[in-house]
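Colleague: Before I use any of the terms in your annotation, I would like to see how each one is justified.

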Amino acid sequence: MAKNETKRLNPSVLEADKTAFAALQSITNYTPANPAYTTAAVAAAHDELLAAQTTEAQTAAAAAAARDNAVSKEWNFHNLMLIVKDHATAQFGRNSNEVQSLGRKKASEYKPRARKSKPPQT
């Protein structure tokens, strides 16, 4: 019936299907030859669709909340580690192995600034 049933339907197509379903419910003498296509069967499929969409929305909200919580914890940990590095620098000095083990460079590892010579004035 469809080209690729693994991709989501276009929202306009789904909305048109819902509108057609609402119209089908008002047709009283609809009796298909195949009982799989009765109004009750389509109503059951519609209810399953709504339940699946509700579950999807709730799961997405839970995932977003979990992500926000994880981001908050990441920033809290990061900020604590920055303060720990500052305290270690204050305690052990800028040129210590302890500070280097925390991921900072020793002060002695930086190149000294070279003075720029001024061009001779003529």
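**Terms and their cut-offs**

Modeller: Arg 8 and Glu 56 form a salt bridge, in which the closest N and O atoms are 2.6 Å apart. This is a predicted model, in which local features need pLDDT of at least 70 and side-chain atom pairs count only at pLDDT 80 or more, while totals for chains, interfaces and linings use all residues. Residues are numbered from 1 along each chain as its sequence is written, and side-chain values use heavy atoms, with hydrogens and water left out.

Colleague: What makes the pair Arg 8 and Glu 56 a salt bridge?

Modeller: The term requires a side-chain nitrogen of Lys or Arg within 4 Å of a carboxyl oxygen of Asp or Glu, and the closest N and O atoms of Arg 8 and Glu 56 are 2.6 Å apart, so the pair is called a salt bridge. The structure holds three salt bridges.

Colleague: Why are α1 and α2 called oblique to each other?

Modeller: The axes of α1 (residues 11-26) and α2 (residues 39-92) cross at roughly 140°. Angles under 35 degrees count as roughly parallel, over 145 as roughly antiparallel, 65 to 115 as roughly perpendicular and the rest as oblique; α1 and α2 are therefore oblique.

Colleague: What makes the side chain of Thr 89 a polar contact partner of the backbone oxygen of Lys 85?

Modeller: A polar contact is a pair of N or O atoms within 3.5 Å, where, within protein, one must be able to donate a hydrogen and the other to accept it, and residues adjacent in sequence count only if both atoms are side-chain atoms. The side chain of Thr 89, a residue in helix α2, reaches that oxygen at 2.8 Å.

Terms used
Axes fitted to C-alpha atoms, helices over the stretch in contact; angles between N-to-C directions. Helix = DSSP H or I, 4+ residues; strand = E, 2+ residues; numbered from the N terminus.
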